[in-house]
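Me: Hi! Could you walk me through this protein in plain words?

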Amino acid sequence: MIVAERVTGVARGFIQRMRLARPAWLRVISAAILLLALPFVFRLDGHAHSDWLQFLGRFHPALLHLPIGLIVLVPALEIAGAKQPALREAAAWVLRAALALALPTLALGYMLAYGAGDTGTTVTRHMWGAIALCIALMLCLLVRPAWAAGVQRWTYPLLLTATLLTLIWTSHQGGSITHGGDYLTRYMPSHLRALFPSSRLEGVSPDSFYASSIHPVLDAKCVVCHGAGTEKAGLRLDSYANLMRGGKDGAVIVPGKPEASLLLARVTLPPGDSHFMPAEGRTPLTSDEISWIRAWIHSGATLTATSIPGIVLEEVRAEPAPQPVGDYSQLLPEIQRMKQGVGAKLVPVSTNPSDGLILRTVDVASTFGDTQLAEFQRFAPYIVEAELARTAITDGSFDTLQKFTHLRALHLEGTSITGSNLAKLNSLTQLTYLNLSGTKVNAQSIGPLKNMPHLRHLYVFNTPAQPDETAARSAP
């Protein structure tokens with residue numbers, strides 16, 4: 001009788017609490033329905049909708065770390081509260097604060113995706129994970145009082161565990177949007193990375209130029225925004241088929257026509273242009289990578305070609321260790337005066353003077369000729385890279401350049417040199433990179449370069465020295 005009375009008492013108490021909690025349950029169910037309906041009312045259809053939504057949505061990354069930290073703090077307070085009851089009171093407040101911050105974080109994230117027109121598997125997963133997380137927090141708040149009263153022993157701990165797991169999964173999806181789906185595996189040791197195979201190059205010969213030189217560039221710098229997880233403008237660049245399919249703006253690669261290929265146009269825009277890619281301040285493509293893509297498109301943008309006319313890539317070998325250039329610190333006042341006079345810049349490679357200087361002429365390229373280059377002879381022993389692309393220098397510049405004894409990289413693309421004095425560069429024993437694309441050099445004039453044992457990278461795209469393109473197009 002005593003046991004029956006106790007059971008009856010507990011049951012009556014539970015029913016009474018359920019009656020009192022009915023309005024709370026109704027509020028939670030109503031809020032959950034609204035959250036679940038959000039993706040169907042405002043569909044992520046891949047179209048940008050509003051600049052002001054994007055403006056507000058960009059506060060999402062600034063806010064999201066607050067609810068994450070509070071959610072992780074809750075179980076720590078609950079466990080510690082077993083011995084210090086005051087901490088459990090704090091846990092209830094932290095849980096409510098986490099929900100109060102999670103809801104606007106979800107709203108801002110949705111504004112960002114909806115306003116910018118972001119779509120893709122990862123974006124969708126991140127969205128549903130955030131919705132599930134908010135609903136789980138509401139349920140935790142709803143059942144916690146009963147757990148604290150000792151009535152429902154396991155419901156709240158199980159819900160809190162599910163909330164933490166949802167948080168981890170949702171955070172991973174968000175990180176994949178920002179850094180790419182292989183963010184955690186890209187630099188994983190090879191024996192572990194084998195457990196996470198990628199099918200994006202399945203069926204593609206590893207010897208093809210696309211597999212060795214084009215796909216790695218797109219994968220590293222473009223797939224974050226144009227991959228399976230995030231398909232901005234409906235464009236995916238994670239496979240050859242997707243690359244050639246294009247996006248909502250049409251084809252981005254036109255075989256044989258670099259000037260008509262949208263992808264090449266976007267990556268060569270000025271960095272300040274609103275259409276410049278990669279966007280969002282991500283690392284832009286290097287001049288080498290752009291040269292590879294341009295030459296690949298010009299040769300037909302094939303999947304199987306193993307070589308491209310005008311691009312000579314030596315097999316990967318250890319580069320010779322760079323030799324220190326000495327301390328140029330005493331020349332800093334003169335270097336500053338040269339910048340103000342000639343306009344070209346001498347930029348330190350690093351804070352260590354022995355790493356050398358880079359000669360940059362991009363701001364004065366059209367007026368920088370042989371005379372201006374000769375003014376830098378005093379600094380020649382300290383210059384390790386010379387960026388002379390699209391300047392007014394001629395073959396007469398080689399008399400000066402041969403004095404740059406520590407030169408490792410030389411950009412001459414787009415200049416008017418013919419290569420008649422290229423043999424003078426043979427004295428540059430540390431030169432590993434030479435770009436002659438878009439010049440008048442021919443096969444005979446570049447012949448002496450074969451005597452340079454450390455020259456690893458030679459570019460002669462769009463020059464008379466470029467190999468016969470007809471033969472290259474007929475390659476399997």
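Below is a short chat about the whole chain, one helix pair and two residues.

Me: Before we start, what kind of model is this?
Reply: This is a predicted model, where local features need pLDDT of at least 70 and side-chain atom pairs count only at pLDDT 80 or more, while totals for chains, interfaces and linings use all residues. Residues are numbered from 1 along each chain as its sequence is written, and side-chain values use heavy atoms, with hydrogens and water left out.

Me: Cool. How many helices and strands are there?
Reply: The protein chain has 15 helices and 7 strands. Those are DSSP runs numbered from the N terminus: helices are H or I with at least four residues, strands are E with at least two.

Me: And how much of the chain is buried?
Reply: Buried residues make up 42% of the 476 residues. Buried means under 20% relative accessible area, exposed means over 50%, and partly exposed is in between (1.4 Å probe, protein chains only).

Me: Let's switch to helices 8 and 11. How do their axes cross?
Reply: The axes of helix 8 (residues 209–221) and helix 11 (residues 287–298) come within 10 Å and cross at roughly 125°. Axes here are lines fitted to C-alpha atoms, for helices over the stretch in contact, with angles from 0 to 180 degrees between N-to-C directions.

Me: What do you call that arrangement?
Reply: Helix 8 and helix 11 are therefore oblique to each other. Angles under 35 degrees count as roughly parallel, over 145 as roughly antiparallel, 65 to 115 as roughly perpendicular, and the rest as oblique.

Me: Which residues make the contact?
Reply: Helix 8 contributes F209, Y210, S213, I214, V217 and K221, and helix 11 contributes E289, W292, I293 and W296. Contact means heavy atoms within 4.5 Å.

Me: New topic: where is H411, and is it buried or exposed?
Reply: H411 lies in strand 5 (residues 409–411). H411 counts as buried because its relative accessibility is 9%.

Me: What does H411 touch?
Reply: Not counting residues up to four places away in sequence, H411 touches S287, E385, A386, E387, L388, A389, Y433 and N435.

Me: Last one: where is A233?
Reply: A233 is in the loop between helix 8 and helix 9 (240–245). At 34% relative accessibility, A233 counts as partly exposed.

Me: And which residues does A233 touch?
Reply: Leaving out residues up to four places away in sequence, A233 touches G247 and K248. The C-alpha atoms of A233 and G246 are separated by 9.5 Å, and these two residues are 13 residues apart along the chain.
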